[in-house]
Amino acid sequence: VSASDISVLFRRESVRLNFSTEDGKEYALNLNLSNSINVDKCTYKIGKVKIELKLWKENALVWKCLEGNRNVAELIPAIPVKETSEIDTQAYPSSAHVTRNWDALAK
């Protein structure tokens with residue numbers, strides 16, 4: 001599939017993809033999204049065997065489904081990701097209840 005044979009239209013609540021293959025077959029994909037997307041950040045990429053659509057959510061919510069009735073769709077707040085500095089790190093995994101400073105013992 002070449003870039004000239006593809007038409008992609010991102011809208012706030014829908015996505016439309018139309019393309020034709022080298023052998024003349026035409027395909028269409030129409031998605032009525034269950035929530036809003038940020039149209040300016042959405043992209044698509046044409047590969048040898050696939051067309052990849054990347055949709056950017058307007059709000060940081062977990063969608064229960066990609067398509068569906070906006071009034072029925074269940075939205076779940078996204079779980080905030082901890083920064084690396086906030087994560088407790090240990091030098092090695094241990095199941096011991098007591099920690100020992102082996103560097104101090106070696107001195």
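In which sense do β1 and β2 pair, and over how many bridges? They pair in the antiparallel sense, over six bridges. The legends below start from an overview of this predicted model and then move in on its details.

**View 1. The whole chain, with one helix and seven strands.** Welcome to the overview. Starting at the N terminus, the order of elements in the protein chain is β-β-β-β-β-β-β-α, so the strands precede the helix. The protein chain has 107 residues, and 16% of them count as buried. About 9,100 Å² of the protein chain is exposed, with 52% of that area supplied by carbon and sulfur atoms. If you like contact maps, here is a number to keep in mind: taking contacts between residues at least 6 apart in sequence, 39% join residues at least 24 apart.

**View 2. The pairing of β1, β2 and β3.** Let us follow the strands one step at a time. A hairpin of two residues takes the chain from β1 to β2, and the two strands are antiparallel with six bridges between them. On its other pairing, β2 meets β3 (residues 26-32), again antiparallel, through seven bridges. Arg16 is a handy residue to centre on: Leu9 has Arg16 as its bridge partner in β2, while Arg16 has Asn30 as its bridge partner in β3. The hairpin of β2 and β3 has five residues between the strands, and within that hairpin Gly24 adopts a positive phi near 95°.

**View 3. The largest nonpolar core, made of eleven residues.** Which residues should you display here? They are Ile6, Val8, Phe10, Val15, Leu17, Phe19, Leu31, Leu33, Ile37, Cys42 and Trp63. β1 and β2 are the elements that each give two or more residues to this core. β2 is mostly covered, with five of its seven residues buried. As general background, nonpolar side chains in soluble globular proteins tend to be buried together.

**View 4. The surroundings of Ile37, a member of that core.** Zoom in on Ile37 and leave aside residues up to four places away in sequence. Its contacts include the core residues Phe10, Val15, Cys42 and Trp63. Ile37 also touches Arg11, Arg12, Ser14, Leu55, Trp56, Lys57 and Glu58. Two of these neighbours, Arg12 and Glu58, return in the next view.

**View 5. The salt bridge of Glu58 and Arg12.** The whole structure holds four salt bridges, and in this one the side chains come to 2.8 Å, N to O. The partners lie in distant parts of the chain, 46 residues apart: Glu58 sits in the loop between β5 (51-54) and β6 (61-63), and Arg12 in the loop between β1 (6-11) and β2 (14-20). Are the two residues buried or partly exposed? Glu58 is partly exposed because its relative accessible area is 35%, and Arg12 is partly exposed because its relative accessibility is 43%.

**View 6. Glu52 and its lysine partners, Lys50 and Lys54.** Here Glu52 is the residue to centre on. With Lys50, Glu52 forms a salt bridge whose closest N and O atoms are 3.6 Å apart. Lys50 counts as exposed because its relative accessibility is 51%, whereas Glu52, at a relative accessible area of 25%, is partly exposed. Glu52 also forms a salt bridge with Lys54, and there the closest N and O atoms are 3.8 Å apart. Elsewhere, Arg12, Glu13 and Glu58 are joined into one network by salt bridges that share partners.

Notes
Residues are numbered from 1 along each chain as its sequence is written. This is a predicted model: local features need pLDDT of at least 70, side-chain atom pairs count only at pLDDT 80 or more; totals for chains, interfaces and linings use all residues. Side-chain values use heavy atoms; hydrogens and water are left out. Helices (H or I, at least four residues) and strands (E, at least two) are DSSP runs, numbered from the N terminus. Buried means under 20% relative accessible area, exposed over 50%, partly exposed in between (1.4 Å probe, protein chains only). Contact means heavy atoms within 4.5 Å. Accessible areas come from the Shrake-Rupley method with a 1.4 Å probe; for residues, only the protein chains shown count as cover. A nonpolar core is a set of buried Ala, Val, Leu, Ile, Met, Phe, Trp, Tyr and Cys residues joined through side-chain atoms within 4.5 Å. Two strands pair if DSSP finds at least two bridges between them.
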